[in-house]
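Grab a viewer and work through these exercises one at a time. Try each task before you read its solution.

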Amino acid sequence: MPTFSAYEGSRHQGAPVSLFRILGAGDPAVGPYGFTNGETPITRSGLTYQPWPIKHTPITQSGTLDKNDITVSMGRGTPLDDIWLRYPPSQIVNLTIFEGHADLAPSSFTVAWMGRIAGATLRGDELDLSSQSISSALARPGLRRHYQIGCPFVLFGPHCKASKAAATVARSVSSSTSTRITLSSALPSPASRFIGGLAEWNNPTSGLREIRTIVNVLSSGTVLQLRGGVRGAPSGTDVDVVRSCNRAMTGCAQHSNILNFGGQPYIPQSNPLSDENQFY
């Protein structure tokens, strides 16, 4: 059987085929889903890639990472339509594109592109998936710890070490609208501590974990105004409401985590080189 290189260099034998694997992180995970622009199903590493109208914009290898992002366009009618409807999934959804030839063993297909799906747009009968290359994400500058009054650590992260379980209150959904959830009972007072926190629940339809940021708490702690559409939260759904942090010493103390406070609250307000500190 001819090799991959032989097919690539041939004028007549080549039958290029692309495989699109979509897999989201989390428990449970999104997918995996497999699609191919070929005419017949192809099984690779236990996943069957079904024929579907799907394509992607050209993959550019120009040496600059900002040109490595692509858009995948596919016909509507797959489970991805519901996953991206109204609000993107809370999990990271990865995309891997394999390229090969129809007459070759699927195991010989090589990875042509790898990254994550950053967003989706419904356009007529097509679903456009805007995808960001993994190399672009690796080049993004990370957070740096500066000499600052507020705490720079990620809440409940490895440096913060606050207990998410201790900051979580279990409630159930009484009713829900497009961006609001009414709880069966009020949150502990003061409910303002939950502004900026999270509302998490399991979608009974998809089985996925939905996560939304709490923008405001209304009606004496019984109504959550969320950032993003409410999906899969019918009456009776269990919801975890997670307290936020104001990144000051007062908020850190509320989490019983003051020993891990990452800010410098005692920065002098008077600058020895001038009358006032122009930065604080």
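A salt bridge here is a side-chain nitrogen of Lys or Arg within 4 Å of a carboxyl oxygen of Asp or Glu. Two housekeeping notes before we start. The model is predicted, so local features need pLDDT of at least 70 and side-chain atom pairs count only at pLDDT 80 or more, while totals for chains, interfaces and linings use all residues. Residues are numbered from 1 along each chain as its sequence is written, and side-chain values use heavy atoms, with hydrogens and water left out.

**Exercise 1. Pair up the charges.**
Find the salt bridges of Arg 212, Arg 209 and Asp 128, and say which partners are buried or partly exposed.

Solution.
- Step 1: Arg 212 meets Glu 210 side chain to side chain, at 3.1 Å from N to O. Both Arg 212 and Glu 210 are buried (buried is under 20% relative accessible area, exposed is over 50%, and partly exposed is in between, with a 1.4 Å probe and protein chains only).
- Step 2: Arg 209 bridges to Glu 200 at 3.2 Å, N to O. Glu 200 counts as buried because its relative accessibility is 8%. Shared partners tie Lys 164, Glu 200, Arg 209 and Asp 240 into one network of salt bridges.
- Step 3: Asp 128 and Arg 123 come together at 2.7 Å, N to O. Asp 128 is buried at 11% relative accessible area, whereas Arg 123, at 45%, is partly exposed.
- Step 4: Searching the whole structure turns up 7 salt bridges. As a rule, side chains of opposite charge can pair when their charged atoms come close.

**Exercise 2. Get the overall layout.**
How many helices and strands are there in the chain, and what percentage of its residues count as buried?

Solution.
- Step 1: The chain has 4 helices and 15 strands (DSSP runs numbered from the N terminus: H or I of at least four residues for helices, E of at least two for strands).
- Step 2: With 280 residues in the chain, 36% count as buried.
- Step 3: Take the contacts between residues at least 6 apart in sequence: 58% of them join residues at least 24 apart (a contact means heavy atoms within 4.5 Å).

**Exercise 3. Look around two strand residues.**
Which residues do Ser 133 and Leu 218 contact, leaving aside neighbours within four places in sequence?

Solution.
- Step 1: Ser 133 sits in strand S9, residues 126–133, and counts as buried because its relative accessible area is 5%. Beyond those neighbours, Ser 133 touches Asn 68, Asp 69, Trp 113, Met 114 and Gly 115.
- Step 2: Leu 218 belongs to strand S13 and is partly exposed at 25% relative accessibility. With the same neighbours set aside, Leu 218 contacts Arg 180, Val 223 and Gln 225.
- Step 3: Now check Thr 182: it is 36 residues from Leu 218 along the chain, and their C-alpha atoms are 9.3 Å apart.

**Exercise 4. Check the backbone oddities.**
Where are Pro 32, Pro 190, Ser 45 and Phe 156?

Solution.
- Step 1: Pro 32 is in the loop between strand S1 (16–24) and strand S2 (33–36). The peptide bond from Gly 31 to Pro 32 is cis, with omega near 10°.
- Step 2: Pro 190 falls in the loop between strand S11 (180–183) and strand S12 (198–202). Ser 189 and Pro 190 are joined by a cis peptide bond too, with omega about -5°.
- Step 3: Ser 45 lies in the loop between strand S3 (42–44) and strand S4 (47–51). Ser 45 is not a glycine, yet its phi is positive, about 50°; with a relative accessible area of 71%, Ser 45 is exposed.
- Step 4: Phe 156 is in the loop between helix H3 (134–139) and strand S10 (168–176). Phe 156 is another non-glycine with positive phi, about 70°, and Phe 156 is partly exposed, with a relative accessible area of 22%.
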